[in-house]
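Visitor: I have a model open and some bench time to spare. Can you walk me through its packing?

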Amino acid sequence: EIIEKRRVIALDENEGIYVRDIKTGRVRAVTAQSYLLKPYEELWSKDLTPVVEELLAKESSIKGRAQRDQTRVVVYKAPHNTCVQIYDYKEKKARIVWGPDLVMLGPDEQFTVLSLSGDKPKRPHVIKALALQLGPDFMTDIVIVETADHARLSLKLSYNWMFEVDSTSKDTDKIFSVPDFVGDACKAIASRVRGAVAGHSFDEFHKHSAKLIRTAIFGLDEKGKIRNRFIFSQNKLVITNIDIQSVEPVDSRTRDALQKSVQLAIEITTKSQEAEARHEAERREQEAKGRLERQKIEDEAEAEKARTNLLKLQAESAAVESTGQATAEAKARADSAQIEAEAKVDQSRLSSEAEKIKAAAELAQLKARQESEIKHQKSLNELEISRARDLAAIESSKFKRIVDTIGAATLRDIAAAGPEMQLQLLKGLGLKSFMITDGNSPVNLFNTAGGLIGANVGQ
C-alpha cells in the first residue's frame with residue numbers, strides 16, 4: 001500500500017524549506033541543495049504575524065510573485081542603506097543584517113517590525129516597515145506654538161536626519177532601542193520649539209523666527225554660535241538641518257493682525273525707500289552743484305595762474321632785451337679769457353711734455369755712455385788678463401826649457417852644493433833668479449810672475 005509519494009525538492013542558493021523531525025520535534029532549515037524528505041521527516045509551516053505577512057505580501061505583489069508558501073524559508077531582500085533586526089527566540093539574541101543583503105529566517109527567528117509615526121502632524125503607528133532607513137533623509141512635522149502674547153501659530157518644519165552608525169562597531173543595536181524614532185525625535189524637537197517661542201512676543205518671533213528655532217533645536221557652542229547638529233545619544237540619530245517651510249496663524253484674529261503687520265511693514269518699507277530715494281536725489285544734486293562750483297573756482301584759479309605766467313614772461317622778455325648787449329659783450333670777454341687760459345694751459349702742458357722728453361733723452365744718452373764705458377773697461381780688463389795669462393805661459397815655458405837644458409843631474413848637484421857655489425853657478429848660467437821646490441809644496445806661478453814683473457817695472 002502506497003501511503004505517500006515524495007519527490008526531491010530542488011533548492012537554489014537563495015531558497016530553502018523548513019523540515020521537522022517527527023521523532024524529536026526539532027525543526028531546521030534546509031537551503032541550497034536538492035533534498036528528499038526522510039521517512040521520519042515532514043515539511044513544517046512557519047507562521048508569521050499578520051503585519052509581517054502583510055509587508056511580505058506587499059513586496060511580493062510588487063515583484064509579481066504569488067502568495068507565500070509557509071513551508072518555504074522566509075526570504076527578504078534588505079534594500080541599500082538599510083538594516084534589518086532579526087530576533088531568535090530560541091537563542092534569545094538578536095542579529096542585524098545590513099543592506100543590501102538577503103535575509104533568510106531560521107525556524108525560531110522573527111523580524112523586528114518598525115512602527116513609525118507618520119502624517120502631518122505626526123501620528124503614531126502610521127508606518128510599518130521591516131527595514132530601518134539609515135539616512136540621510138528628511139521628515140516633516142506641523143507644530144502648534146503659542147507666543148508670549150498668546151498668539152497661536154502653526155509651524156511647518158522639515159528636519160534632515162541620519163543615523164551615525166558603523167556596521168563594525170559593537171553598539172549597533174542602539175539604533176533599534178527606540179521603537180518609533182520619528183515620533184520621539186519630532187516630539188523632542190517640538191517641545192524645544194514650543195519652549196523657545198513661548199518666551200518671545202509675536203513681533204519678535206515674526207522678525208527672528210529662523211534664528212530662534214535653530215537656536216532652540218541645535219543650541220549654542222562656547223563661542224556663542226549656533227551648532228549644526230542635534231544628536232539623540234540613545235539611538236545615534238542626528239538632526240543635521242531644519243527648514244522652516246511655513247508660519248501660519250491658527251486663529252483669525254492673529255491672521256488679521258499678521259496681515260496688518262505685514263501691510264504696515266510693506267507701507268513703512270515703501271515710505272522708507274521713497275524717503276531714501278528722495279534724500280539720495282537731493283544729495284546727488286547738492287554734490288553736482290558742489291562739483292560745479294568747485295570746477296568754476298578751479299577754472300578761475302587756472303586762468304589767474306596763466307595770466308601771472310604771461311606777465312612773468314613779458315617781464316623776462318623786457319629784461320632780456322635791455323640786458324642783451326651787455327650780456328653778449330660779457331659773454332664774449334668771458335669766452336676770450338677762457339680761450340686764452342686754455343691756450344696757456346695747452347702751452348704749459350706741451351712745455352712740460354718737451355722737458356719730459358728732453359730729460360728722457362739725456363737719461364738714455366747717459367745710460368748709453370756708461371754702458372759703453374763699462375764695455376770698454378771690461379774689454380781692457382779682459383786684454384790685461386789675457387796678457388798676464390800669456391806672460392805666465394811664456395815664463396812657464398821658459399822655465400821648463402831652462403830646467404830641461406840644465407838637466408836633472410845638474411840640478412841635483414846644485415842642490416847639494418853650498419850657497420856660494422849656487423850663486424856662481426847661477427851667474428855662470430846667466431840666471432838672475434831661480435827657485436827650486438819639490439812636488440809636495442805647490443807654487444803660484446801667476447802671482448810670482450806678477451811680482452817679478454812688478455819688481456822689474458819698479459827698477
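What follows is a set of questions and answers on a predicted model.

Visitor: Which residues touch the most other members of the largest nonpolar core?
Guide: This core holds 38 residues. Its contributors include β9 (114-118), β12 (137-146), β13 (152-163) and α2 (181-198), each with at least two residues. The residues touching the most other members are Y159, F181, V193 and I239.

Visitor: Which element gives the largest share of this core?
Guide: Helices and strands both contribute. Among those supplying at least two residues each are α3 (202-207), α4 (209-218), β14 (230-232) and β15 (237-249). The largest share is 8 residues, and it comes from α2.

Visitor: What is Y159 in contact with, leaving aside neighbours within four places in sequence?
Guide: Y159 is among the core members that touch the most others. One group of its contacts is D137, F138, M139, D141 and V143. Other contacts of Y159 are C186, I189, I239, N241 and I242.

Visitor: How many residues are in the second, separate core?
Guide: This core stands apart from the one around Y159. Its members include V27, V73, I86 and L105. The count is 18 residues.

Visitor: Which strands stand at the edges of the open sheet of 4 strands?
Guide: The order is β12-β13-β15-β14, with antiparallel pairing. An edge strand here has a single partner, so one of its sides is left without a neighbour in the sheet. That applies to β12 and β14.

Visitor: By how much are neighbouring strands of this sheet turned against each other on average?
Guide: The strands pair antiparallel. The average ignores direction. It comes to 35°.

Visitor: Which residue in β15 is the bridge partner of F232?
Guide: β14 and β15 run antiparallel and are joined by 3 bridges. F232 is bridged to a residue in β15. That partner is L237.

Visitor: What angle does the direction of α4 make with that of β15?
Guide: Two helices pack on this sheet. α2 touches β12, β13, β14 and β15, and its direction makes about 40° with that of β12. α4 touches β13, β14 and β15. Its angle with β15 is about 145°.

Visitor: Why is the pair of Y76 and F111 called edge-to-face?
Guide: The whole structure has 7 aromatic pairs. In this one the ring centres are 5.8 Å apart. Planes over 60 degrees apart count as edge-to-face. The pair qualifies because its planes stand at 75°.

Visitor: How many residues apart are Y76 and F111?
Guide: Both are buried. Y76 lies in strand β4 (residues 75-78), and F111 lies in strand β8 (residues 109-111). The pair links distant parts of the chain, 35 residues apart.

Visitor: Which residues do ring pairs link into a cluster?
Guide: W161 and F181 are both buried. Their ring centres lie 5.2 Å apart with planes at 65°, so this pair is edge-to-face. It joins strand β13 to helix α2. The cluster is W161, F163 and F181.

Visitor: What does the charged end of K23 sit over?
Guide: The partner is a ring. Its centre is 4.6 Å from the charged end of K23. The ring belongs to Y40.

Visitor: Which residue in the turn between β1 and β2 has a positive phi?
Guide: Strand β1 (residues 16-21) and strand β2 (residues 27-31) run antiparallel, joined by 5 bridges. V19 stands opposite R28 in β2. The two strands form a hairpin with 5 residues between them. The phi is about 80°, and the residue is G25.

Definitions and conventions:
Residues are numbered from 1 along each chain as its sequence is written. This is a predicted model: local features need pLDDT of at least 70, side-chain atom pairs count only at pLDDT 80 or more; totals for chains, interfaces and linings use all residues. Side-chain values use heavy atoms; hydrogens and water are left out. A nonpolar core is a set of buried Ala, Val, Leu, Ile, Met, Phe, Trp, Tyr and Cys residues joined through side-chain atoms within 4.5 Å. Buried means under 20% relative accessible area, exposed over 50%, partly exposed in between (1.4 Å probe, protein chains only). Contact means heavy atoms within 4.5 Å. Two strands pair if DSSP finds at least two bridges between them. Axes are lines fitted to C-alpha atoms, for helices over the stretch in contact, and angles run from 0 to 180 degrees between N-to-C directions. Rings of Phe, Tyr and Trp (its six-membered ring) pair if their centres lie within 6.5 Å; planes under 30 degrees apart count as stacked, over 60 as edge-to-face and the rest as tilted. A charge sits over a ring if NZ of Lys or CZ of Arg is within 6 Å of the ring centre and within 35 degrees of the ring normal.
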